[in-house]
Amino acid sequence: KTRLLSVKVLNKKSILLFITFLIALLLFGYILVYFRIYKPLNNGYSSFGSIPILNASKVSPGYTLIAPYNRFNQEGKNPGKIYLLDLWGNIVHEWRPTHQALYSKLKPGGNLIVLLEEPSQVQGIPGGGNLWRIQELDWDSNVLWEYKNNLLHHDVALLENGNIIAPVWQKVPQEISQNIQGGTPGTEINGVIYSDVLTEIDKDGKTVWEWKSYEHLDPQIDIIGPLMVRNSWSFINGIEYLKENPIDGKEGYLLSMRQINTVMVVRKSDGEIIWRSPKDMLNTQHDPTLLDSGNILVYDNGLFRIPAPQSIYASRVVEINPKTNQIVWQFDGGESAIDKTKMFSAIVGGAQRLPNGNTLITDGVRGHIFEVTPDKEVVWDLINPYETAMTGKFPNNFVFKTRRYGPGEINWPKKINPPLSNFQYSLYQGLSKIYPK
């Protein structure tokens, strides 16, 4: 009996020991999978609390270029960082420019064009008076080319001849500025109103062509929006070069003019404005692009949109047919007022039509980047995890706008990580339920 009792006690101890060992092994495996498999390949997270890829079968493949933005810094020293992210939000490459980056775009060969800024002694100009510069960086962040101008701002377009074009501030002549309508009275800069000169710059830094907006805008039509300041008339915050514009098929430019709530097409040969978006359709918009269909895609911010039962303070992305002046597609936060305000970027923002017909949207103030299908399903969603230094009471993950580059679009100078396989996606989709963000 004593021997039998000892065997039973021993068996219980063995079972308890085995169970303890099994629990420890499972716990070790749980930690190992998280830190060695899941976490290294999943730095990004979505607003849904999951991995960024919500529907792998519908996501447009590629890499997303972002430049987290921090305008304010100590002693004027704030080198920026620019990241190339895979669909999981992981960094596959990064650039370290000499100054803070607002926005960047890739050239087909893999070099980077970047708009940089730093605190400046120049005061009294729209946009904060920062010294702006444009640089071309190679894959290793070496500066290959640079252009400085303390009146540059906001965006840049790459031309087929290798030149670039960017907006530059210039004072509006008094005989014209006295006729400019709209805006908040008394908000000029010492009585001066600025507007943009669209400036083409060659590789030697010389101006080879320019378009002075105040010579072509019409004070009776191009009226500064309500609640806007009168320090500038145009305020170009988005540019796209058009080899063939959608109105008459000739060379031109697609421009977003924030102060007058207008997107327009300018014919290059004579500088004429040949199309304007309909009055009150857009408000403080950004990032117009011409689609293959001839329609125009725009991020419509809506900062000063006049409230009405059907129009609240919220942002949306719209696709406009410039031949009919009708909105043929749009995306916002949802049907209700609460839902609509969940997509609201008072300033900045962007939209890009992807090769598969989806649209990549940047709700820039919140650092929220997401992809939607034509039928408005959200299939990819990323909260920018790469914060810059705090500029107020809360962390800052602000981005101006972003771009995704698909397979074959860029000739990468060096090998970068290939997209994950369907098996890997399924694995990480399952793990994301075990390791929620």
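**Pocket, sheets and core of a predicted model**

Strands E4, E8 (157-158), E12, E16, E20 (350-353) and E24 each contribute at least two residues to the lining of the largest pocket. The structure described here is a predicted model. Of these strands, E16 gives the largest share of the lining, with four residues. In total, 35 residues line the pocket, and those nearest its centre are Lys105, Glu240, Thr289, Arg403 and Glu409. The space inside amounts to about 980 Å³.

One of the contributing strands, E24, also belongs to an open sheet. This sheet has four strands in the order E3-E2-E1-E24, with antiparallel pairing. Strand E3 (91-95) and strand E24 (403-405) form the edges, each pairing on one side only. From one strand to the next, the twist averages 25°. As a reminder, strands of a sheet pair through backbone hydrogen bonds, and the pairing can be parallel or antiparallel.

Inside this sheet, the pairing can be followed residue by residue. Strand E1 (residues 63-66) and strand E2 (residues 82-85) are joined in the antiparallel sense by three bridges. Here Leu65 stands opposite Leu84 of E2, while Thr64 has Leu85 as its bridge partner in that strand. On to the next pair: E2 and E3 are also antiparallel, with four bridges, and Tyr83 finds its bridge partner in Glu94 of E3. The hairpin of E2 and E3 has five residues between the strands, and within this hairpin Gly89 adopts a positive phi near 90°.

Which side chains of E2 are buried on each face? In a regular strand, side chains alternate between the two faces of the sheet. Ile82 and Leu84 lie on one side of E2, Tyr83 and Leu85 lie on the other, and all are buried, so that both faces of the strand are covered.

A residue of strand E4 offers a view of the surroundings of this sheet. Ser104 sits in strand E4 (residues 100-106). With a relative accessibility of 4%, Ser104 counts as buried because the cut-off for that term is under 20%. Apart from neighbours within four places in sequence, the contacts of Ser104 are Leu65, Ile82, Leu112, Ile113 and Val114. Two of these residues have already appeared above: Leu65 faces Leu84 across the pairing with E2, and Ile82 is among the buried residues of E2.

Another enclosed strand is found further along the chain. Five of the five residues of strand E22 (residues 368-372) are buried, so the strand is largely enclosed by the rest of the structure. His368, Phe370 and Val372 point one way from E22, whereas Ile369 and Glu371 point the other way. Strand E22 has antiparallel partners in both E21 and E23. Five bridges join strand E21 (residues 359-363) to E22, and Asp363 stands opposite His368. Five bridges also join E22 to strand E23 (residues 378-383), where Asp381 lies opposite Phe370.

The turns on either side of E22 each hold a residue with positive phi. In the hairpin of E21 and E22, with four residues between the strands, this is Gly367, at a phi near 65°. In the hairpin of E22 and E23, with five residues between the strands, Lys376 takes a positive phi near 75°.

Positive phi values also occur in two loop residues that are not glycine. Asn190 has a phi near 50° and belongs to the loop between helix H2 (174-177) and strand E10 (194-201). Thr284, with a positive phi of about 50°, is in the loop between strand E15 (273-276) and strand E16 (286-290). Is each of these residues buried or exposed? Asn190 counts as exposed because its relative accessibility is 77%, with the cut-off at over 50%. Thr284 counts as buried because its relative accessibility is 0%.

Finally, the largest nonpolar core contains 24 residues, and Leu198, Tyr253 and Leu255 have the most contacts inside it. Strand E11 (207-212), strand E12 (236-242), strand E13 (252-257) and strand E14 (262-267) each supply at least two residues of this core. Strand E12 therefore has a part in two of the features described, since E12 also supplies at least two residues of the pocket lining.

Methods
Residues numbered from 1 in each chain as written. Predicted model: local features only at pLDDT ≥ 70, side-chain atom pairs only at ≥ 80, totals over all residues. Heavy atoms only, no water. Buried < 20%, exposed > 50% of the residue type's maximum accessible area, 1.4 Å probe, protein only. Pairing = 2+ DSSP bridges. Axes fitted to C-alpha atoms, helices over the stretch in contact; angles between N-to-C directions. Contact = heavy atoms within 4.5 Å. Core = buried A, V, L, I, M, F, W, Y, C linked by side-chain atoms within 4.5 Å. 1 Å grid on protein atoms, 1.4 Å probe; cavity = no way out; pocket = protein on both sides within 12 Å on 5 of 7 lines; lining within 4 Å. Points joined across faces, edges and corners; volume = space filled by probe spheres on them.
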